[in-house]
Amino acid sequence: MKKFNKLKIVIIVLNFSILSIFSEIFLWKNVSIEFLYNSLLILIPFWFGIIEFFMNKNKKFKLHPKNYWATFLTVLDIGIVLNIIALKYYSDPAISPVFVTVMITLMMDFYMGLLISLGFSFYFALLLGSSFKLFIILFITGNVAAYFSKNLYSRVRIIIPAFSAIIVQIISYLLYYQFDYEAIPVISFSNFIQMLLILGVLPYLEYITRIYSDIGLLELGNLNHPLLRKLSFNASGTYYHSLIIANLVESASESINANPVLLRVGSYFHDIGKSLRPLFFTENQKGINPHDKINPKLSAIILNKHVTDGIELARKYRLPILIEDLIAQHHGTRIKRYFFHKNLEQELNIPAEEFRYPGPIPQFKESAILMIADNIEAITRSMKELNKKTLSERFDKLIQDLFFEGQLDDCGLTLSEINKIKDSMIETILNMNHSRISYPEIPQELLKEGNKNEN
């Protein structure tokens, strides 16, 4: 991490040096050492004093600093270059933060969208002579675009933040520049072009960085995905289990404002490693359990493989980095109790550590929700009768176990959120397993079409 931080400083200095030189040559056909020195003297403290400070407050940046940091910087650079070109051939009103703000809001979150809007606005205000008016116009426009980019699940709806930004930027320019109506077509055209670029660039950047927007996640959650088709053919029991988990986690995540799209799609893929050795997992067995004939330590190793195999498949198919996390963390570092107990019964004296899943423990809320859902679904399958009281007791026992084992230490869930998750999951389970009326027997001749009751 220290090496990465040192490298980051070098990259940032080089990055803004190249951008400053490019801006000068492209706009004014001149390179000034004084401009480069002054811009770096302002930009570098600004970046590390504000941008990096708030980046480090984001938990996902801490989990995958290289992926998230590189994505943020790449989008910013592309946006700056695009707008420098627009500035060269049009004028100041052609500068728009729509591309950078919408891209980062979709791929990360609203607050990161605000942050990149701040960095983008600061750069162009500095480039054009420390223009405070331009900074305010761009920053307000970026904030509006970020706000309307929240919770977008369709590419068609990207027009909403773009259209909102056009209106706000036009109003701002008219107010600040004494109703310069010539700016209106320039602003409209620039924002429209940037919207089209978002549609074209977003899927490729998602694939390269493995940082996916909700739009990309929904497309990835198509049940015809090669990995999901393989899971349905090779391990139909696991496939059905994954669909049940998806229903449990989606409603639970909505109850605490977590990401329901990430959790639903992540649930589809969380057990893809089982598709390679399906018969070693009870939901796919048909009367024969291969674990009965092997050493419990070997059984534990095979169960670990479904996690490590799942991670390898996620990397091979370039699934989102957070889905890879869900695969790795949904069992945490829990002990496989059945095989550890079998080890005790056979007096093999194998240490408990040999029966732990590889982990790590859940590092964010969505991962912890998936762990809870995976365990509670397994518990309900072994219950003969499902009712609210019994489910509540079993749920409380599960949470106590997870707390005692330290599995929820790093995820950030509060007790209030756990109670909301509990209520949501119990309601979902009861709804999925509601009783149905029994239909009475009726003679078939009375049910035949065209039959008439002569009475």
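**Glu52 and helix α2**

I began with Glu52, which lies in helix α2; helices here are DSSP runs of H or I with at least four residues, strands are runs of E with at least two, and both are numbered from the N terminus. I noted that this is a predicted model, in which local features need pLDDT of at least 70 and side-chain atom pairs count only at pLDDT 80 or more, while totals for chains, interfaces and linings use all residues. Residues are numbered from 1 along each chain as its sequence is written, and side-chain values use heavy atoms, with hydrogens and water left out.

Is Glu52 buried or exposed? Its relative accessibility is 5%, so I entered Glu52 as buried; buried means under 20% relative accessible area, exposed means over 50%, and partly exposed is in between, with a 1.4 Å probe and protein chains only. Not counting residues up to four places away in sequence, I found Glu52 touching Lys8, Trp47 and Trp69, where contact means heavy atoms within 4.5 Å. I also looked up Glu52 against Arg315, and the two are 263 residues apart in sequence and 28 Å apart in space, C-alpha to C-alpha.

Trp47 came up again when I followed the helix, because α2 (residues 33-55) has a kink of about 35° centred on Trp47; the bend at a residue is the angle between axes fitted to the seven residues ending there and the seven starting there. Both Trp47 and Glu52 are among the buried residues of α2, which also include Phe35, Leu36, Leu40 and Met55.

**Helices α13 and α15**

Next I turned to helix α13 (residues 260-269) and helix α15 (residues 321-329), which pack at an angle of about 55° with their axes 9 Å apart. The axes are lines fitted to C-alpha atoms, for helices over the stretch in contact, and angles run from 0 to 180 degrees between N-to-C directions. I therefore wrote down α13 and α15 as oblique to each other, since angles under 35 degrees count as roughly parallel, over 145 as roughly antiparallel, 65 to 115 as roughly perpendicular and the rest as oblique. From α13 the contact is made by Leu262, Val265, Gly266 and Phe269, and from α15 by Leu322, Ile323, Leu326 and Ile327. By class I recorded seven nonpolar residues, one polar and no charged ones in this contact; Ala, Val, Leu, Ile, Met, Phe, Trp, Tyr, Cys and Pro count as nonpolar, Asp, Glu, Lys and Arg as charged, and the others, Gly among them, as polar.

**Loop residues**

Ser275 is found in the loop between α13 and α14 (296-316), and at 4% relative accessibility Ser275 counts as buried. Leaving aside neighbours within four places in sequence, I listed Lys230, Leu231, Asn234, Ala235 and Leu313 as the contacts of Ser275.

Most residues other than glycine have a negative phi, and most peptide bonds are trans. I therefore noted Arg210, whose phi is positive, near 65°, in the loop between α9 (183-209) and α10 (214-220); at 9% relative accessibility Arg210 is buried. Glu347, with a positive phi of about 55°, is in the loop between α16 and α17 and is exposed at 64% relative accessibility.

Where is Pro360 found? I located Pro360 in the loop between α16 (337-345) and α17 (365-381), and a cis peptide bond with omega of about 10° joins Gly359 and Pro360.
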